Amino acid sequence: MTHLANLSRAAALACAAAFCAPAQAQPVYSGWLCCTMRVSGDWISDINYTGNGTRLIQAGTPVQITGHGRYRVHITIKGEPYRLGNDYSRDLDDAQFTERYIVRTDPAKALARWPQKVQEAIRTARVRVGMTREQVIMALGYPVSSENPALDTDAWRYWLGSFEEYQVHFNAAGKVREVSGAPGTLARVLMR
C-alpha cells in the first residue's frame with residue numbers, strides 16, 4: 001500500500017470512530033399501542049388532542065416500530081405508516097418514550113377481564129369514577145410528562161384541546177374519585 005492509501009484508510013477509520021459514527025440505535029420491535037390514541041392524518045401526539053378529522057386507534061392495536069426521528073417514532077399499523085410524536089414529554093429520552101406508548105404485552109388481555117363499562121370507556125377515550133390508574137392510561141393515554149412529572153400524584157392533568165384542560169383525581173387506593181374541568185369538556189370525557 002502506498003503512503004497516501006494508508007493515510008486515506010486511517011482518515012476513514014478516524015472519521016468512522018470520531019465523527020461519522022451513527023447515533024446510538026433506538027429499539028425497533030413489534031408491540032401493541034398502550035392506550036386509545038387519537039390520530040390526525042398520520043400523526044399521533046402524546047397530548048392526545050381531539051379535533052376535526054381525528055379518529056381513535058384502540059389500545060392493544062398491533063404496532064411495528066420502523067424507525068426513529070427527532071421527537072418521533074415511526075410506526076406501521078396494519079401496514080400503514082404513522083408517526084408517534086413526543087410533543088410534550090421531551091424530558092423522557094427516546095427509549096423511555098417509545099416503551100411508554102409501544103408496549104410488549106398486549107393490553108387487550110387486561111382489557112378483556114375488566115367490567116363492560118370500563119371497556120366501553122377505554123374504547124371511547126373516556127374515564128369513569130372508580131377506574132384504576134392503569135385503566136385511565138389505557139383510556140386517555142399517559143398524562144404528558146412536562147405537566148405531570150410523577151405518575152403517583154393525586155391528580156393528572158389532561159387536555160382535549162389547547163384551552164380544554166381537565167384533571168383526573170385519584171383516591172388513596174389509586175382509583176378515580178372525580179374528574180374536574182369545564183362542563184363542556186367533562187361532557188366529552190367523563191362517562192357516567
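**Exercise 1.** At what angle do helix α4 and α5 pack, and how far apart are their axes?

*Solution.* The structure is a predicted model.
Step 1: find the two helices; α4 covers residues 116-123, and α5 covers 133-140.
Step 2: read off the geometry. The helices pack at an angle of about 40 degrees, and their axes are 7 Å apart.
Step 3: list the residues that meet. From α4 come V118, A121 and I122, and from α5 come Q135, M138 and A139.
Step 4: sort the residues of this contact by type. The contact of α4 with α5 has 5 nonpolar residues, 1 polar and no charged.

**Exercise 2.** Classify the ring pair of Y101 and Y142, and state which parts of the chain the pair ties together.

*Solution.* Step 1: recall what is needed. A pair of aromatic rings is described by the distance of the centres and the angle of the planes.
Step 2: check the distance. The centres of the Y101 and Y142 rings are 5.7 Å apart, and the cut-off for a pair is within 6.5 Å.
Step 3: check the angle. The planes of Y101 and Y142 stand at 70 degrees, so the pair is edge-to-face; the cut-off for this class is over 60 degrees.
Step 4: place the residues. Y101 belongs to helix α2 (residues 94-101), and Y142 to the loop between α5 and β9 (155-159), so the pair ties together parts that are 41 residues apart in sequence.
Step 5: add the surroundings. Both Y101 and Y142 are buried. With F97 they form one aromatic cluster.

**Exercise 3.** Do the same for W156 and F170, then find the charged residue over the ring of F170.

*Solution.* Step 1: the ring centres of W156 and F170 are 4.7 Å apart and the planes are at 65 degrees, so this pair is edge-to-face.
Step 2: W156 lies in strand β9 and F170 in strand β10 (residues 165-170), so the pair ties together parts that are 14 residues apart in sequence.
Step 3: W156 has a relative accessible area of 0% and is buried. F170, at 2%, also counts as buried, since buried means under 20%.
Step 4: the charged residue is R133, which lies over the face of F170 at 4.3 Å from the ring centre.

**Exercise 4.** Describe the sheet of 8 strands and find its edges.

*Solution.* Step 1: write the order, which is β4-β2-β3-β7-β6-β5-β1-β8; the sheet is open and its pairing is mixed.
Step 2: look at the ends of that order. β4 (55-57) and β8 (102-103) each have a single partner strand, so one side of each is left without a neighbour in the sheet.
Step 3: take one pair inside the order. Strand β6 (residues 72-77) and strand β7 (residues 80-85) pair in the antiparallel sense over 6 bridges.
Step 4: give one position in this pair. R72 stands opposite G85 in β7.

**Exercise 5.** Is N86 buried or exposed, and which residues does N86 touch?

*Solution.* Step 1: locate N86, which is in the loop between β7 and α2.
Step 2: its relative accessible area is 1%, so N86 is buried.
Step 3: leaving out residues up to four places away in sequence, N86 touches D46, Y71, L92 and F97.
Step 4: follow one of these contacts further. The ring of Y71 has the charged end of R90 over it, 3.8 Å from the ring centre.

Notes: Residues numbered from 1 in each chain as written. Predicted model: local features only at pLDDT ≥ 70, side-chain atom pairs only at ≥ 80, totals over all residues. Heavy atoms only, no water. Phe/Tyr/Trp six-rings, centres within 6.5 Å; stacked < 30°, edge-to-face > 60°. Helix = DSSP H or I, 4+ residues; strand = E, 2+ residues; numbered from the N terminus. Buried < 20%, exposed > 50% of the residue type's maximum accessible area, 1.4 Å probe, protein only. Lys NZ or Arg CZ within 6 Å of the ring centre and 35° of its normal. Pairing = 2+ DSSP bridges. Axes fitted to C-alpha atoms, helices over the stretch in contact; angles between N-to-C directions. Contact = heavy atoms within 4.5 Å. Nonpolar A, V, L, I, M, F, W, Y, C, P; charged D, E, K, R; others polar.
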